[in-house]
Amino acid sequence: MILFARLLARVVTFVVLVALAVAGLALAVFCIGTGTDGPSLAHLAGLLHLAALRNTTGEGPGSVATIAGLCGIGAILLGLLLLVGLLVPRRERLVTLAHDEKGTLAARRRPLAQIATALVEQVRGVTEARVRVRPRRRGGGRLAVRASRTRPAEPSEVKRTVQEQLAGLTQPFALTTRVEAPRRGSRVE
């Protein structure tokens with residue numbers, strides 16, 4: 001659900017940014033010239049029927065200009081805010097090993113998963129390993145291991161051996177380990 005919400009937010013942000021960019025480009029082109037013919041603000045107002053709208057609403061030119069200026073500033077600020085939200089990367093979540101007054105010792109998720117994969121693939125009876133690392137907010141994390149095994153290897157023995165092999169990595173980083181050991185070619189549901 002959260003992934004869908006993030007995807008939706010990014011798509012809406014992108015569409016709004018494109019619409020703001022096109023509107024700003026059109027306004028910039030029409031600001032180049034003056035008069036009623038060719039690209040000018042008066043010609044743009046005529047194309048958008050703004051004069052008829054002003055006559056319908058009964059607004060005078062002073063308050064309309066103020067409102068238009070405030071809306072323009074608001075659109076610029078909204079565009080900048082959306083750009084910052086879209087382009088600034090999220091904070092990378094790290095697996096924390098130690099934290100004291102001197103600083104924090106942490107590891108990135110991908111290298112930690114690669115190390116765990118290399119350790120798991122050394123276990124006898126394991127043909128392939130996939131490891132995912134999920135850090136916790138306050139240190140430590142979870143290690144999900146899927147170790148495909150050969151037919152003669154016992155699943156309980158493979159799980160125990162994988163846990164022993166990963167002990168040197170999981171204990172210092174306070175990682176909890178969940179190991180699946182399906183037979184090679186079978187699906188886990």
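This is a short tour of a predicted model, from its sheet to its salt bridges and a surface patch.

Before you click: residues are numbered from 1 along each chain as its sequence is written, and side-chain values use heavy atoms, with hydrogens and water left out. Local features need pLDDT of at least 70 and side-chain atom pairs count only at pLDDT 80 or more, while totals for chains, interfaces and linings use all residues.

**Stop 1: the sheet.** Select 126–135, 141–149 and 175–180, which are strands S3, S4 and S5. Helices (H or I, at least four residues) and strands (E, at least two) are DSSP runs, numbered from the N terminus. You're looking at an open sheet of 3 strands, in the order S3-S4-S5, with mixed pairing; two strands pair if DSSP finds at least two bridges between them. S3 and S5 are the edge strands, each pairing on one side only. Neighbouring strands are turned by 20 degrees against each other on average, direction ignored. S4 and S5 run parallel, joined by 6 bridges.

**Stop 2: the helices across it.** Now add 109–121, helix H5, which lies across S3, S4 and S5 and runs at about 150 degrees to S3. Then add 155–170: helix H6 also lies across S3, S4 and S5, at about 155 degrees to S5. Contact here means heavy atoms within 4.5 Å. Axes are lines fitted to C-alpha atoms, for helices over the stretch in contact, and angles run from 0 to 180 degrees between N-to-C directions.

**Stop 3: salt bridges.** The whole structure has 4 of them, each a side-chain nitrogen of Lys or Arg within 4 Å of a carboxyl oxygen of Asp or Glu. Show Arg-146 and Glu-180: they stand opposite each other in the sheet, and their side chains meet at 3.9 Å, N to O. The pair links S4 and S5, 34 residues apart. Add Arg-178 to see the network that links it with Arg-146 and Glu-180.

Back on H6, pick Arg-160. Its salt bridge with Glu-157 has the closest N and O atoms 2.4 Å apart, and the one with Glu-164 has them 2.5 Å apart. Glu-157 is about one helical turn from Arg-160, because the two are 3 residues apart in H6. Arg-160 is partly exposed at 40% relative accessibility (buried means under 20%, exposed over 50%, partly exposed in between; 1.4 Å probe, protein chains only).

**Last stop: a nonpolar patch.** Select Leu-7, Val-11, Phe-14, Val-15, Val-18 and Val-22, which make a nonpolar surface patch of about 550 Å². Patches are made of residues with over 30% relative accessible area and no salt bridge, with like charges joined within 9 Å and nonpolar side chains (Val, Leu, Ile, Met, Phe, Trp, Tyr) within 5 Å. Areas come from the Shrake-Rupley method with a 1.4 Å probe; for residues, only the protein chains shown count as cover. Val-11 sits in helix H1, residues 2–30.
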